[in-house]
Amino acid sequence: MDYQAFLPDPANLRVNDAHISPKTVWLEIASTASTCLCPTCGHTAARVHSRYQRVLKDLACFGRRVRLHLGVRRFFCDTASCPQRIFCERLVLAAPRQRLTRRLAQQVACITLEAGAACSARCLALIGQPVSPDTLLRSVPESPDASSGPVRHLGIDDWAWRKGQRYGTILVDLDRHQAIDLLPDREVKTLVSWLQAHPELEIITRDRLGAYQEAATLGAPQALQVADRWHLLKNLWETLERFLQRLHQPLLEVFRKTNPQHRVPVPESSRICPPTPRTQQRFQTIQDLKSLGDSPGQITQRTGFSRVTVRKYLHLKASPGQPPRRRRTRLIDPHREWLTAQWDAGTRNATLV
Ligand SMILES: [Zn+2]
């Protein structure tokens with residue numbers, strides 16, 4: 001069989017040997033080029049320093065994984081002015097230090113952009129190309145610089161490096177619906193310097209964080225500040241939820257009296273288990289600090305709990321119970337068994353790429 005036809009052309013590669021197992025195709029490959037261009041100075045190098053082996057994952061073939069065993073050389077660069085003394089041979093097939101061939105990396109990056117890293121990792125594992133979500137994220141080429149161009153309408157919000165501990169600021173161009181910058185913190189000074197570099201700003205939408213209000217006023221006094229719709233709706237929803245939670249029992253009793261023929265099923269989400277000792281302790285700590293006269297902000301700082309937790313517990317009269325744990329369901333779950341069966345049966349009809 002002529003395996004040479006499966007390699008990209010012109011690759012300057014030769015297939016020396018091939019081995020096919022029930023799940024994998026192994027190809028032994030070597031470079032046929034006698035020289036290589038130095039990546040630093042661009043001069044031709046012919047003196048070989050040493051050789052080593054690389055194993056590359058390639059596109060699957062007839063339901064089998066493909067692995068390439070590649071004999072690669074290191075060359076001396078003999079150009080006197082070049083700072084690079086030794087370098088690794090550059091190949092058409094794969095970039096240096098990459099474990100996937102270029103064509104597989106390209107395919108994987110397309111899938112990751114469409115489906116996200118975690119979902120893509122699960123799908124790729126099903127078709128015999130196991131790649132970790134972190135590798136998938138690294139495989140996505142950097143998108144073109146989105147920060148260029150004037151910004152007239154800007155959205156500002158915070159994002160978590162680590163929830164409850166460290167936050168940054170995300171800036172979104174509302175006309176292009178694109179994130180255009182990430183700031184490392186939520187400090188007024190950082191945001192002011194960014195805003196001052198964009199005098200074309202006309203409207204800023206933001207949440208009600210005091211630092212953002214101050215920064216927008218100082219950094220872009222010409223811009224109109226607007227409370228963004230998402231936060232308005234979120235605040236409204238939370239207030240309404242708290243209000244209805246307080247009235248849950250009276251409303252239920254009124255409904256039972258007026259509709260005696262109806263049995264009201266208890267939804268799973270509202271079945272409550274007793275509070276855990278940890279929840280009980282948190283609730284007590286927050287209530288103690290409240291009785292000492294601390295503000296919600298001071299309680300957040302002193303305890304390290306999130307603002308949401310502190311606000312929630314401050315409004316409660318007793319420690320909240322825990323909803324029962326629910327297993328997270330995924331879209332692929334109903335089909336997982338079928339896909340696995342297809343793969344195991346060796347039909348390989350489940351190929352998605
Ligand atoms: Zn060189």
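This passage describes the nonpolar cores, one helix pair and one loop residue of a predicted model. Local features were taken at pLDDT of at least 70 and side-chain atom pairs at pLDDT 80 or more, whereas totals for chains, interfaces and linings use all residues. Residues are numbered from 1 along each chain as its sequence is written.

The largest nonpolar core (a set of buried Ala, Val, Leu, Ile, Met, Phe, Trp, Tyr and Cys residues joined through C-beta atoms within 7 Å, buried denoting 20 or more other C-beta atoms within 10 Å) comprises 19 residues, with Leu56, Leu100 and Val108 making the most contacts inside it. Two or more residues are given to this core by each of β2 (24–31), β6 (64–76), α1 (102–115) and α2 (117–126), and the largest share, four residues, comes from α1. A second, separate core of 14 residues includes Val151, Val172, Leu195 and Ala220.

The axes of α8 (residues 277–291) and α10, lines fitted to C-alpha atoms over the stretch in contact, come within 10 Å and cross at roughly 75 degrees, which makes α8 roughly perpendicular to α10 (65 to 115 degrees). At this crossing, Arg282, Phe283, Ile286 and Lys290 of α8 meet Val310, Tyr313 and Leu314 of α10, contact requiring C-beta atoms, placed from the backbone, within 7 Å.

Histidine 315 lies in the loop between α10 (307–314) and α11 (333–344). This histidine is exposed because it has 9 other C-beta atoms within 10 Å, the limit for exposed being 12 or fewer. The C-alpha atoms of histidine 315 and arginine 242 are separated by 8.6 Å, although the two residues are 73 residues apart along the chain.

How values were computed
Axes are lines fitted to C-alpha atoms, for helices over the stretch in contact, and angles run from 0 to 180 degrees between N-to-C directions. Angles under 35 degrees count as roughly parallel, over 145 as roughly antiparallel, 65 to 115 as roughly perpendicular and the rest as oblique. Two residues are in contact if their C-beta atoms, placed from the backbone, lie within 7 Å.
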